[in-house]
Amino acid sequence: MNKLITLLFIVFTSHFIYSQSDFTIAFGSCNKPSMENMLWDDVISLQPDVWLWGGDAIYADTDDMLKMKKDYEMQYQQKGYTKLSEKVTILGTWDDHDYGKNDAGAEYAYKKESQQLFLDFLKVDQSDPRRTREGVYHSQEFKTPKGTVKVILLDTRYHRTALTRKDKKYVPNTFNEGTLLGTKQWEWLTQELTNSTADFTIIMSSIQVLSSQHRFEKWANFPHEVSRLFQLLKTSQAKNVIFLSGDRHISEFSKTTIKNVPYPVIDFTSSGLTHAYKGFTSEENKFRDGHVVFTESYGVLQFNFEQKKVIFQMRGNGNSILQEISQTYP
């Protein structure tokens, strides 16, 4: 009898917690299909409205498109993921390892071919604009009786020009040198934000937007692109923009304020799903809010439209909450 009461309490409590969310997004990155993913059952139990891939859904790193296709097939059949895909809307962007080559950009010779395989993996219809567009960037609105969330997925690979390397580190390019998104994607993003009427706008970038002091890939390697992005947040007046990112094999919250943007800007990095940087010791990030999580995890955003509040959670195996912050928006 005691066990039954305990079970009912857990079920009731779980339902109560989840019911406070009017809309739930789960997301993650850095997933090797050959490794066990212990988190899919946890994601399924959370019953999110959408799952977002933040990049590196597979680790193909190849010019062989047949190998890449087999890697995607292996991932699709990964225990738990097939079930998730049957229950939840799945959207995503890619990063370097599912794009085809480590740290690659516009120079990757097979990007057109790899784009079609990535879209096949996401079950994107042949009539979708992404099938003929240069790059996998995409947006979708999710309307609920209480409010709307717009999801924008950027492509930081297809048009990205050369990085600057110094002493085995990526350092910022000269201001106005190079591009991360390319001309057409910038024009598209400007329209997407300017025309948005959503209560919240989620922008998925495979690489980190705010963290700027580490030696890896990041928006800060293109300082003029960061400046342009921040200016766009002001001029577009899109409501409550939140950045999501992956790539790093660590999870962290970064937060900053931008003049004339009436809310704090958060970049929620969640990585990785099957393998994490467990040897992590320290890394500077002047924007960090909280601490770094360096075990396998996925990210969760729970929206409350009436309170204009978002709860951000890093969740581990067994749906343990590894770190959480909340933010109320204007």
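## Exercises: two helices, a sheet and a few odd turns

H7 and H8 are roughly parallel to each other. Keep in mind that you're looking at a predicted model. Let's work through it.

**Exercise 1. Work out how H7 and H8 pack against each other, and at what angle.**

*Step 1.* Two packed helices are described by the angle between their axes and the distance between the axes.

*Step 2.* For H7 (residues 183-194) and H8 (residues 223-236), the angle is about 25° and the axes are 9 Å apart.

*Step 3.* Angles under 35 degrees count as roughly parallel, so H7 and H8 get that label.

*Step 4.* Now look at how they cross: H7 passes H8 in a right-handed crossing.

*Step 5.* Finally, find the residues that meet. From H7 come Trp186, Leu189, Thr190, Leu193 and Thr194, and on the H8 side they meet Glu225, Arg228, Leu229, Leu232, Leu233 and Ser236.

**Exercise 2. Find which residues of H8 are buried, and what they pack against.**

*Step 1.* Start with the helix itself. H8 has 14 residues, and it reaches 20 Å from its first C-alpha to its last, close to the 20 Å expected at 1.5 Å a residue.

*Step 2.* Pick out the buried residues: His224, Glu225, Val226, Leu229, Leu232, Leu233 and Ser236.

*Step 3.* An α-helix has 3.6 residues a turn, so residues three or four places apart point the same way. Try this on the buried residues Val226, Leu229, Leu232 and Ser236.

*Step 4.* Check the neighbours. The buried residues of H8 pack against H7, S9 and strand S11 (265-269).

*Step 5.* Look just past the end of H8, where glutamine 237 takes a positive phi of about 60°.

**Exercise 3. Put the seven strands of the open sheet in order and find its edges.**

*Step 1.* Go across the sheet strand by strand: the order is S4-S5-S8-S9-S11-S10-S12, and the pairing is mixed.

*Step 2.* The edge strands, each pairing on one side only, are S4 (138-143) and S12 (288-293). On average, neighbouring strands here are turned by 15° against each other, direction ignored.

*Step 3.* Zoom in on one pair. S8 (residues 200-204) and S9 (residues 241-245) run parallel and are joined by four bridges. Methionine 204 has leucine 244 in S9 as its bridge partner.

*Step 4.* Add a helix. H7 lies across S4, S5 (148-153), S8 and S9, and runs at about 175° to S5.

**Exercise 4. In which sense do S14 and S15 pair, parallel or antiparallel?**

*Step 1.* Find S14 (residues 309-315) and S15 (residues 321-328): they pair in the antiparallel sense over seven bridges.

*Step 2.* Spot a pair facing each other: phenylalanine 312 stands opposite isoleucine 325 in S15.

*Step 3.* Inspect the hairpin, which has five residues between the strands; glycine 318 takes a positive phi near 75° there.

**Exercise 5. Track down some unusual backbone spots in the loops.**

*Step 1.* Go to the peptide bond joining serine 271 and glycine 272. This bond is cis, with omega at about 0°. Glycine 272 is in the loop between S11 and S12.

*Step 2.* Next comes cysteine 30, which isn't a glycine but has a positive phi, near 60°. You'll find cysteine 30 in the loop between S1 (23-28) and H2 (40-46).

*Step 3.* Buried or exposed? Cysteine 30 has 0% relative accessibility, so it counts as buried.

*Step 4.* Finish with aspartate 103, whose phi is also positive, near 60°. Aspartate 103 is in the loop between H5 (96-99) and H6 (111-121).

Note on methods
Residues numbered from 1 in each chain as written. Predicted model: local features only at pLDDT ≥ 70, side-chain atom pairs only at ≥ 80, totals over all residues. Heavy atoms only, no water. Pairing = 2+ DSSP bridges. Axes fitted to C-alpha atoms, helices over the stretch in contact; angles between N-to-C directions. Contact = heavy atoms within 4.5 Å. Expected span 1.5 Å × (residues − 1). Buried < 20%, exposed > 50% of the residue type's maximum accessible area, 1.4 Å probe, protein only. Parallel < 35°, antiparallel > 145°, perpendicular 65-115°, else oblique. Left-handed = near helix turned anticlockwise from the far one by under 90°.
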